[in-house]
Each structure stands twice: as structure tokens, then as C-alpha cells.
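Me: I would like a close look at a single part of this model, and then at the chains around it. Please keep the answer plain.

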Amino acid sequence: MMVSGAGAVFVRELKQAWSGGGGVSLPLGFFAGACSLTPLSLGPEADLLRAAGPGVLWIALALSSLLPMERLFQADLEDGTLDAYAGSGVALEWVAAAKTAAHWVSTGLPLALIAPVLWIMLQGPVSSMFQVALVSSIGSAAFFFFGAIGAALTAGVRRGGLLITLVALPLYCPAMIFGSAALYGAASGGDWTSPLMLTSAAALFAIACSPFAAASALRAAID
Amino acid sequence: MAIMTVFANPHRFMSVSQPFAWIFSLAGVALIFAGVYMGLFLAPADARQGDAARIMFVHVPSAWLSMFAFAFMAGASLVSLVWRHALADVAAKSAAPFGAAFTALCLTTGSIWGYPIWGTWWEWDGRMTSVLILFFIYLGYIALWQAMDTPQKASRAAAVLCLVGAVNLPIIKFSVEWWNTLHQTATFFTGDNNATYGFKAPMYVVALGYLALFGGLTLFNMRAEILLTRAEMRLQRRLALG
């Protein structure tokens, strides 16, 4: 019952994401745009971009992950879908987990897939494209699940987007540190697996905690 | 539990808290002045840093208080989430601005201390960065309270945020051991160190003063919060009666 209910929420969210005109592509556009503006402000020297590229890519990925968060729970809260979920017998923890997972699949994974392209534009070595996609997909999971806590806390706040940033960014720190360390390792041919494992630890921690914190906040918003 | 139920009643809290608020606040100010005097005039100058090290009598206790205040808020948030204790919400909310103030004081004095000794106003070392993040969590907590329409919704959301943010406290505590960069490791409560009695006494006095001032101001803030709620309820009742 619980798991099938969560599965239904997951499928519904995916369908909505892929049918609802442009919702998925906006963070992708932001991600690409932020990375493309960097050479305009830093200057196009290849050495400088090679040195700053991994860090720029990673902060752009983190900010792009925040973009879809404002509507993650707010839309469902406003039109009453969350009330229906709450009355359906499926625990809100499952609902929060399923919604966040669906958003990560529909937005986070595409972000990770275009990351190698932006990586090359920022003069990263082509040979580490695979590592970049892997690190980005795991890191974006950490960003999405930590961001979901902020999204749930601010679901009842009109124009809570900036508030999400303030609430979620402190939680982003571990993934921020270890994810960019993995990218720098991949760029220099150095050790990238141990920071990747720490990034994965941050992602797993986020996945384990986020549904409970988010559900607790959503219950307050529904009351 | 017994203590909790005694003070669970806001009326009892209002009837007994005012003298405590005054006593704690005044004692806090007196202790801070005494401790700062001891630190500036009675304590010996540091063997290596000279008089510049005297700022530690302001800096170190404010760091303790910045973490203590958040731990206090996290405890109150837990009580509020588990037992739906109205006074716990008020306590956590009232403590936040003072916790943020101690964090800001800690960061500022640390920066002022860092310039002559380390040669830099700011360095992205583990301890400083994690305390800066604590400051942002305080700001997010305060902003969340202000953004919500009703106190009921705000209290739940703020309590969840506070408990999640408490993850940062052990990170601050152990940051100097995990990332051994610039900030010195803990020397104060370890047995073998050169922090002699002359250094320790002013530090304890200032810390005690901060703690008392924090308690007193938080009590004043809680009283103001409760009075505000009462005034609003009275206003609504009057409006309802026409």
C-alpha cells in the first residue's frame, strides 16, 4: 500500500514533469547560461578557466538544483493535491521521497548529463567526461534531497524562493566541498574516488533524512 | 519532566519570570565588565602574542555562547515538536536574535584578532567557515519565522529547520581536528596546556556573564512575545464582539 502509493506519486510527478511545457528545461538553461557567462567575466584564457572551471561548474549545478525547488511542494499545496495525499493513507514521508526522487530523475539527471558538455567548454579534459557525469549525478541527488527540506519548510510562504536559498544553502556545504574536490581530482588526474565517496555519503544522508524533515514541515503547512 | 510541567503554564511563567529577567541581565552585565577588566588588566600578557591575545576573553566565550544558544534552541524545538509545548516555541524564537548576535560577535572579534596574528582578516579555514554557516542558519531561522502568516505554521517549520541545522554543531566542534588548517585546536579543556589560572579565570567570568545576559534577555524577549500574543487575542476578541 505504502510503496505502491509512493510509486503512483512518483509516476504522476514524472508524467507532469515531461508533459508540462518547459519546466524541466528551465534549470538546464540556467545551468548552461551560468557556465557560459563565466568566461565573459573571468576572461577566456584557457589556463584560468582550467583552474576555475570545476568550481564554477559545481556552484552552477548547486544553484540550478535550487531553481525547481520553489514549486516542488508549493504547487501541490495550493491546489489541494497535498491534502488529498495526506488523506489517502500514504505516509507523507513516502510522498515527499517520491516527489523529490521524481524531480531528481526529471531535472537532476539531465543536469548531470549536460555537465560534461559545459565541462569541456570550461576547458576541462575530455578524458574525464564520464567522471564529471557520475559526480554530477550523485551530487545533484544530494542537492535535490537537501533542497527538498527547504522547499517543504517554505511551501506555505508566498515567493519563498529566496528563503529556500537561505535555508538550504548551509545544508549544501558537505556536497559542495567534496563534489568540487572530486571534480578537481578528475581534472588533474589525481584522486577523485575518495571525494566521490564522501559526496555519495552526503547524498545518502540527504536521502535518508530529507523525507522525514520534509513530511514534518508539510504536515504543518497543511494544518 | 517535573520542571517542564511547572513552567509549561504561560501564566505561571509570566508571574515569576520578570525578576529573573532583571537579575540575570544585570548580573550578566556586571560579570562581563568584571571579566573584561580582569582580562585586560590582571591577566598576564600572552608569551607569544603579547597584548593582542587579550581579545580572546571576548572572542572565546562568544564562540561558546553562539553554539550554546543554538543547542538551547534545538532542545526547545525538540520539546515543541514532541510535546507541542507553546512556551518552548517562544523560548526558541526569543533566543535566536541573541544567538545570532553572539555568532556575529565571535566572527568579528575573530577577524580583528586574526589580522595582527595571522596577517589576514579572513581565511576559509574549517572553524571559521562552519561558524559563518552557523550564522547563516540563524538568519534563515529568523527569516522563516518572519515569513509565515500564522505562528502555528511558523513554529513547526522553524523547529524542523533548527533540528536539521543542529547537524552543524558537531561540525564546528570537530572542525579544528578534521581540517587542521589555521585555527588552533582546543586547548582550553585539555589537561596539558599553558592556559594557566590567570587566563582561565577571566574567560570563565566573561562566559558566565554572557550566559546570564543571554538568559536574561531571552526571558525579556519571551515575555514580550507572550504579551504580544495576548494583546492580539484581546484585539481579536474585541473585534469579534463588535
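In which helix of chain B is the place of B:F33? Is B:F33 buried or exposed?

Reply: This is a predicted model, and what follows should be read with that in mind.

B:F33 lies in helix α2 of chain B, the helix that runs over residues 10-42. As for its surroundings, B:F33 has a relative accessible area of 62%. The cut-off for exposed is over 50%, so B:F33 counts as exposed with its 62%. A second point about this residue concerns B:G209. Along the sequence, 176 residues separate B:F33 and B:G209, yet in space their C-alpha atoms are 8.4 Å apart.

The rest of chain B gives the setting for this residue. Chain B has 8 helices and 0 strands, and helix α2 with B:F33 belongs to this chain. Read in order, the pattern of chain B is α-α-α-α-α-α-α-α. Of the 242 residues in chain B, 44% are buried; B:F33, being exposed, does not belong to that group. Contacts can also be sorted by separation in sequence. Taking those in chain B between residues at least 6 apart, 78% join residues at least 24 apart. The accessible surface of chain B is about 12800 Å², and carbon and sulfur atoms account for 69% of that surface.

Chain A can be described in the same terms. Its secondary structure consists of 9 helices and 0 strands, in the pattern α-α-α-α-α-α-α-α-α. The radius of gyration of chain A is 18 Å, close to the 17 Å that the globule rule gives for 223 residues, so chain A is as compact as a globular protein of that length. Along the principal axes, the C-alpha atoms of chain A fill a box of roughly 55 × 30 × 30 Å. Buried residues make up 52% of the 223 residues of chain A. For contacts in chain A between residues at least 6 apart in sequence, the share that joins residues at least 24 apart is 82%. Chain A has an accessible surface of about 9200 Å², with 71% of it on carbon and sulfur atoms. Chain A carries 8 positive and 11 negative charges, and the mean positions of these two sets are 6 Å apart.

The last point is confidence. The mean pLDDT of chain A is 88, and 97% of the residues in chain A reach 70 or more. Among the elements of chain A, the lowest mean pLDDT, 83, belongs to helix α1 (residues 2-19), and the highest, 93, to helix α7 (residues 129-153). Where pLDDT is low, predicted coordinates should not be read in detail.

Key:
Residues numbered from 1 in each chain as written. Chains lettered and ligands numbered in written order. Predicted model: local features only at pLDDT ≥ 70, side-chain atom pairs only at ≥ 80, totals over all residues. Heavy atoms only, no water. pLDDT = per-residue confidence, 0-100. Helix = DSSP H or I, 4+ residues; strand = E, 2+ residues; numbered from the N terminus. Rg over C-alpha atoms; globule rule 2.2 N^0.38 Å. Buried < 20%, exposed > 50% of the residue type's maximum accessible area, 1.4 Å probe, protein only. Contact = heavy atoms within 4.5 Å. Areas by Shrake-Rupley, 256 points an atom, 1.4 Å probe, with all protein chains shown as cover. Lys, Arg positive; Asp, Glu negative; His and termini not counted. Charge placed at Lys NZ, Arg CZ, Asp CG, Glu CD.
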